[in-house]
Amino acid sequence: MLFETDSFKFNDEQIKVIKALCGTLIAKLDDLETEALLKTKASVIKKHPSKVLEFSKFDLSENEDFIEVLTDKLVKSFPQDKLVQINLILNFFAKSSTSLLLTGCFKPFYELDRKQREVVLQKWTKSFKFYRNLFSNLTILFNAIYWINFDRYFETIGYPGPDPEAKGEKFASKINLFPTYEFIQVPPEGLDLQFDVIVIGSGAGGGVVSAQLAKAGYNVLVIEKGKYYHQNELSLKQAESLNNLYESGGLLFNEDKNICIHSASTFGGGTTINFCASLKLQHFVREEWAAKGLTYFLSDEFNKSMEAVEKRMGVSSDAIIHNENNKILIEGCKKFGYHYSNIPQNTAGSHHQCGWCLFGCKYGEKQGSLMTWLKDARDAGAKFIDNCYVENILIKNRKAVGVKAIFNGNRILIHSKKVIISCGAIHSPALLMRSGLKNANIGKNLYLHPLTMVTGFFPDREVNPYSGSMMTSVSDVVENVDGDHYGAKIETATFHPLYLVGFLPWKSALNHKQRMLQINHLSPMLIISRDKNPGRITIDSNGRPRIHYSISNHDSKSIVEGIIAGINILISAGAKTVMTAQLAIEEFEPAEKDPFNDPGYKQYIENVRKIGVEENASNIGSAHQMGTCKMGINPKTSVVNTKGKVWEVDNLYVADSSVFPTSVGVNPM
């Protein structure tokens, strides 16, 4: 059998390796393991004992449909050079001589029995950086692609799939909330289009800019490389939503392939898929920027702008109803003596108890750009094109005069008097580089707010962490651990299967199935760092952005202190087991009485600190990208001036999170 997608092929030996990995990660359990699975503490065991038994016998290697989806996803998500690396690794597994280097056994990986293969993977977590990275890549990719794309065992684990209320009375009452948009359709022969201003991108930056300019009387065109989806078109299914709304279908990684980066690629940008968190830029960040010469951020004008944005987005804490997960954060903080507070929501007074909003807001309650700013722009006469990729800025005599773009496979030219780039911190610098700009600062200063999770198991509590309001509480207890406010925040996250397998490292076939059965009893705490040390964006030979980022020692320490605080919160709230995303640390069961004075707890915390999160020691993600077109007062150290104008070219501006001089430490919308 030969699996082929486009120009890349997996041969028979490589498919054997892929199947062997599948049959290790989600494996048919033996009798003793099955007995242990049936004794798992989870409410679904009593509800569906026969289905749990069937689940115990499920072997992913026998699912040919999955093998096809997996190989197709790999080919479509990774650039050619990364596919070459995947090809090489699979070949190493398939040959006895080279398999020895990866497995310690002089035979192909697929000739080892299941328990031998399991031991190989477990040893990797305590081995060198290369093996830890290989472990994370394989376990997360295989498990995530299965649980995202296949719903066979959703009922068994107690996960409802798409929001069960999305087709009911709640949705019917909201059906007319979404504004509708008309998009310019460009024929193959092209159109002669001329505008005052072209805004590239439709998210938190592009939305505001297009609205303000259109209302001021300018003829505005908004270009979005993603697609617009009306609420009727939002399925809230994991696979479809990731493919439609996220960059690289949710599988965007840094070059080292050890940070999974969630970035939007849809109309409305990140405001379409974010968690409603609407935190203000904190004063210590504003003071830091002002000290760099950006005094505007301490002005009354900036305060008034923030107030205007909050008003239009309907930001308030008044309608918050905490779900179980947020209640656990608050309970734990109260008992341990940590700071906690509510996170204002951009829901215009709606209670908005929807844990699926990362897949688009089906109810039209989240006041993202497509519900507010883009609607204002539309009402003021702005025009829109979606599914349109801007290759480069047209520049004449050091002035921006339009864009060259690809629409339905055809290259088109659109002319304008000014161009505003709002593509986000990954694509804005890439577009500048593709357009021939030479400022050495372009692409530097990349901040990701690297994040991880700590998860607690509450056997007697139905947490249902994918339901209810997603992120309504926060603790700042480790926000200033370094004295410079480059610490971490502790927030909550919605916990669909894709996040469970991403932040609960695979331990064994049995443990994986146990944790999936316990999803309704798990409470994740999100540790989001304010990173001090940046990475950079470059472009490859095709002009596509490449993300270079490693977590520094400083930022690793911030994250670790956040992990420890998260552990304390969960134990204080009554968790019977706590689990970090660190690969080489075991799950911890706190003592029933006086858990924080127990020697086991102290040893566990010592191990958490010792292992850390650097060098592929932990599963890490990012949902915020900033800084790659840095604002400043000197072209030698920045990309744009204090008005957002690009130093090198007139009539060319950047208006998105890429202009941030540093990371911000709050959700950047």
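**Contacts, a pocket and annotated domains**

Tutor: In this predicted model, Thr34, Leu37 and Leu38 of helix H2 meet Pro49, Val52, Leu53 and Ser56 of helix H4.

Student: What makes the meeting of H2 with H4 a contact?

Tutor: The criterion is heavy atoms within 4.5 Å, so the residues named on either side count as being in contact because they satisfy that limit.

Student: How many residues of the contact are nonpolar, polar and charged?

Tutor: The contact of H2 with H4 divides into 5 nonpolar, 2 polar and no charged residues. Leu, Val and Pro count as nonpolar, whereas Thr34 and Ser56 belong to the polar class because Thr and Ser are in neither the nonpolar nor the charged list.

Student: What describes the way these two helices are arranged?

Tutor: Two packed helices are described by the angle between their axes and the distance between the axes. For H2 (residues 31-38) and H4 (residues 49-56), the axes come within 10 Å and cross at roughly 145 degrees, an angle taken between N-to-C directions on a range from 0 to 180 degrees. The crossing of H2 past H4 is right-handed.

Student: Why is the second largest empty region called a pocket and not a cavity?

Tutor: In a cavity the probe fits but cannot get out, while a pocket is an open set, so the second largest pocket is classed as open. The volume of this pocket is about 520 Å³, and of its 25 lining residues, those closest to the centre are Gln85, Ile86, Ile89, Leu134 and Asn137. Helices H1 (12-25), H6 (80-94) and H9 (129-149) are the elements that each give two or more residues to the lining, with the largest share, 10 residues, coming from H9.

Student: How many of the residues lining this pocket are nonpolar, polar and charged?

Tutor: The lining divides into 15 nonpolar, 5 polar and 5 charged residues.

Student: What makes Ser350 a neighbour of a residue distant in sequence?

Tutor: Ser350 and Ala319 are 31 residues apart in sequence, yet their C-alpha atoms lie 6.0 Å apart. Leaving aside residues up to four places away in sequence, Ser350 touches Lys174, Ala319 and Glu365, and its place is in the loop between strand E9 (345-346) and helix H18 (373-379).

Student: Where does UniProt place the "Glucose-methanol-choline oxidoreductase N-terminal" domain?

Tutor: The unreviewed UniProt entry places that domain at residues 243-450, a stretch that is 29% helix and 23% strand in this model, with end C-alpha atoms 23 Å apart. The annotation deserves caution, because such annotations may be inferred rather than shown by experiment.

Methods: Residues are numbered from 1 along each chain as its sequence is written. This is a predicted model: local features need pLDDT of at least 70, side-chain atom pairs count only at pLDDT 80 or more; totals for chains, interfaces and linings use all residues. Side-chain values use heavy atoms; hydrogens and water are left out. On a 1 Å grid over the protein atoms alone, a cavity is a set of points where a 1.4 Å probe fits but cannot get out, and a pocket is an open set with protein on both sides within 12 Å along at least five of seven lines; lining residues have an atom within 4 Å of a point. Grid points are joined across faces, edges and corners, and a volume is the space filled by probe spheres set on the points. Helices (H or I, at least four residues) and strands (E, at least two) are DSSP runs, numbered from the N terminus. A crossing is left-handed if the near helix is turned anticlockwise from the far one by less than a right angle, and right-handed if clockwise.
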